[in-house]
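I opened the model to look up two things: the surroundings of the ligands and the pairing of one strand. My entries follow in the order of looking.

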Amino acid sequence: MLNIENLHASVDNKPILNGIDLQIRAGEVHAIMGPNGSGKSTLAHVLAGREGYTVTDGQVLFEGEDLLGLETEERAHRGVFLAMQYPVELPGVNNAAFLKASLNSVRTARGEAALDAPAFLKLARDRIALVGMQDRFLKRNVNAGFSGGEKKRNEILQMALLEPKLAILDETDSGLDIDALRIVADGVNALRNPGRAIIIVTHYQRLLDYIQPDRVHVLANGRIACSGDGTLAQELEEKGYGWLNEESAA
Amino acid sequence: MNTPEIAMQRYHDSLTGIQPSLTGAELPWLAGKRRSALEDLTRLGLPQRRQESWRYTSIDKLLGYELMPVTEAMASLQESDIRHLWLPDLQTHRILFVNGRFVPQLSDLSGLPAGITVGSLRDLIRCNPIMPARWLGHASGASRHAFGAMNSAAIHDGLVIDLPRNQRLERPVEVLQISMGRDDAILYQPRNLVVLEAGSEATLIERHVCLGNSHYFHNGMSEILVQEGARLEHLRIQEESPAASFLHGIFARQAADSRYEYSGFSLGGAWARTELNLDLQGEGAHARLDGLYTTGSNQLTDYHLNIRHTVPGCRSDTRFKGLLHGRGRAVFDGSIVVEKEAQKTEAHLNNANLLLSRRAEVDTKPQLEIHADDVRCSHGATVGQLEPIQLFYLRSRGIDALDAQRMLCMGFAGEILEQCRIRPVSDIVGRAIENELNALAPEVAGASSD
Ligand SMILES: Nc1ncnc2c1ncn2[C@@H]1O[C@H](COP(=O)(O)OP(=O)(O)OP(=O)(O)O)[C@@H](O)[C@H]1O
Ligand SMILES: [Mg+2]
């Protein structure tokens, strides 16, 4: 489903990704871990198509299509979704209007009919209950004045509405209380199906206890330093990242 | 090209010429006011760029026009021409002016409660001049510049509201001010007078629109007196022609415990300047001034605010926002003066501008002059662009770049629109701004490089 080959990218002329190779098949859940500043969010943003992130080498195929050649919104239309590490506040932009515009743009791109206001509201209420939020969050402005955890839940709400093919969750578990963590995990598990792939960027084993990734990768210095199955995450929890450097030095 | 001297002479001569034919020319108090305004005109001379309040606002182009002062409507309209211009879904007292002149046939003042005056200044001067004789020139004081003097030299028609003590006008007064230029550019000078006596309450909605796209110069003045405990909600939508020159001076005075709430939306005009002078003269008076302006290529929008706290315990909250695109130009010059006696004043003033193009330009100058020591005041201004991270966030959710830009701009404007309690007004303004943003499509495509 997703095929990343030798991906190099820089921000402000500073190289940050230094040759990433990663294959994710439909139905799989991959976790990406790694020290602060290793390039995890950069990779997520490059995949989502953020301006200012320049790909200097390599390619990314999403369902056989050149992902990097697509505009940001076209990627969303194809089913790519990024839950951001720092969700953006949009003062003055109503959350319900935003969610409806977003959902309808993706539905239209998928060849489905746009939802009218009542149909949207019904669906939104349903998904809101799923992520443990209250209806009043629909009336507020997008993320404006939301607590850290509420912003993360709002990201999961968007994911639950858009039902993406490739969901990238960038530290969605950071700043969440235990209940919210469960909700995120349930949301991810609900999305899990043979047609979808999920990338979870996290620092903690705890979320992975709930989600059980198929593969775990460790990103260091803009490269994948090592990969393994779920036990790798446990190993990291015990040993930290120090041994990685020793190993690569050896 | 006209020199300022020639333009000045022409204004002076044409006003001298029409004075004898104006309504009430035989009334000594009125003829005297008009004559002394003519003298003010000569004394003041035309505004110069070296004067601080005209530094960013050139009048050169305006002086280039041969303007014909008119005191008649100069056009006849049918009900069907204007039906769509009244606010939908709102019961109001409707009053129509065309080129500054009251048009009774197309107004509807039939539902007015007894004892309340809503009508034409000209009619009042003819039939019952006591009220205008008492109040005209009261709030405005002496002319501050040549254009104010020109208006006072030709006072003849405009809106009058006189609300007796403790009267509450249920329905809003809706003023439609239609400009219709002709082949030769016209100058018209409406003069409005609004007096809310103690304890009275009203909502005034003014809409300035144009039929056709010709040039004209609206040089208007409004005097507003909000007496003790009275309350006025004042909404203005300015959608003048893209070729129009527009200058309007509002002079509002507030007595003790009064409320004045202003929401102004400036969307049109090639050269549009609004001067808002507010004097809080009675303890416990509160004012809220909200403004929103949009400015594109070939447009200058200029707001001059002059808020004066002269007594203790008053409050003013002022928030203006500007949305600029293309080669749009805006000037915001807002000052709060807190005089020595005005202890316990609370006064805040903010101006925020969003520039959608690198070629747009704004000069903003919020000022605070405080002579009292126990006050809470703040002022500030910002000039910024759309945040790339916000655009990215929306686009990453499938919303295309143009819609994303529009949503963010409407969000920016929404903070002012939300304050406007009359829904049909905020709807009309919101739609007008959305249309303006939609028309920007070609420019947005190159937004990142522009
Ligand atoms: N605009 C920029 N200019 C220069 N350096 C940048 C810029 N943006 C990111 N970086 C750098 O790129 C590196 C990778 O950042 P990134 O956010 O991808 O790390 P991360 O792995 O997500 O870290 P964390 O675990 O803390 O979220 C960091 O060293 C960061 O400082
Ligand atoms: Mg990160």
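**Strand and ligand entries**

I began with chain B, where B:Ala272 stands opposite B:Thr301 in S16(B). The model is predicted, and I read every entry below as such.

I then looked up which strands those are. S14(B) and strand S16 (residues 300-309) of chain B pair in the parallel sense, and I noted 10 bridges. I found a further parallel pairing of S14(B), with strand S12 (residues 245-254) of chain B, over 10 bridges. In that pairing I picked out B:Gly249, which stands opposite B:Glu275 in S14(B).

Next I looked up the cover on the strand. Strand S14 (residues 271-280) of chain B has 10 of its 10 residues buried. I sorted the residues by the way they point. B:Trp271, B:Arg273, B:Glu275, B:Asn277 and B:Asp279 point one way, B:Ala272, B:Thr274, B:Leu276, B:Leu278 and B:Leu280 point the other way, and all are buried.

I moved to chain A and ligand 1. I listed 15 residues around ligand 1, the closest being A:Gly37, A:Lys40, A:Ser41, A:Thr42 and A:His203. By class I have three nonpolar, eight polar and four charged residues in the shell.

I looked up polar contacts to oxygen atoms of ligand 1. From A:Ser38, a backbone N or O atom lies 3.2 Å from such an oxygen. From A:Gln85, a polar side-chain atom lies 3.1 Å from an oxygen atom of ligand 1. For A:Glu171 I noted a polar side-chain atom at 3.2 Å from an oxygen atom of the ligand. On its own, ligand 1 has 640 Å² of accessible area, and the protein covers 66% of that.

I asked which elements give two or more residues to this shell. They are strand S2 (14-24) and helix H1 (40-48) of chain A. H1(A) gives the largest share, three residues.

Last, I checked the magnesium ion, ligand 2. Its protein donors are A:Ser41 (OG) and A:Gln85 (OE1), at 2.0 to 2.1 Å from the ion. I traced both donors: A:Ser41 lies in helix H1 of chain A, and A:Gln85 in the loop between strand S6 (80-83) and helix H3 (95-109) of chain A, so the pair ties together parts that are 44 residues apart in sequence.

I asked whether A:Gln85 is buried or exposed. A:Gln85 counts as buried because its relative accessibility is 17%, and the cut-off for buried is under 20%.

Key:
Residues are numbered from 1 along each chain as its sequence is written. Chains are lettered from A and ligands numbered from 1 in the order in which they are written. This is a predicted model: local features need pLDDT of at least 70, side-chain atom pairs count only at pLDDT 80 or more; totals for chains, interfaces and linings use all residues. Side-chain values use heavy atoms; hydrogens and water are left out. A residue is near a molecule or strand if one of its heavy atoms lies within 4 Å of it. A polar contact is a pair of N or O atoms within 3.5 Å; within protein, one must be able to donate a hydrogen and the other to accept it, and residues adjacent in sequence count only if both atoms are side-chain atoms. Accessible areas come from the Shrake-Rupley method with a 1.4 Å probe; for residues, only the protein chains shown count as cover. Helices (H or I, at least four residues) and strands (E, at least two) are DSSP runs, numbered from the N terminus. Ala, Val, Leu, Ile, Met, Phe, Trp, Tyr, Cys and Pro count as nonpolar, Asp, Glu, Lys and Arg as charged, and the others, Gly among them, as polar. Donors are N, O and S atoms within 2.8 Å of the metal (3.2 Å for Na, K and Ca); water is not among the atoms, so sites may look incomplete. Buried means under 20% relative accessible area, exposed over 50%, partly exposed in between (1.4 Å probe, protein chains only). Two strands pair if DSSP finds at least two bridges between them.
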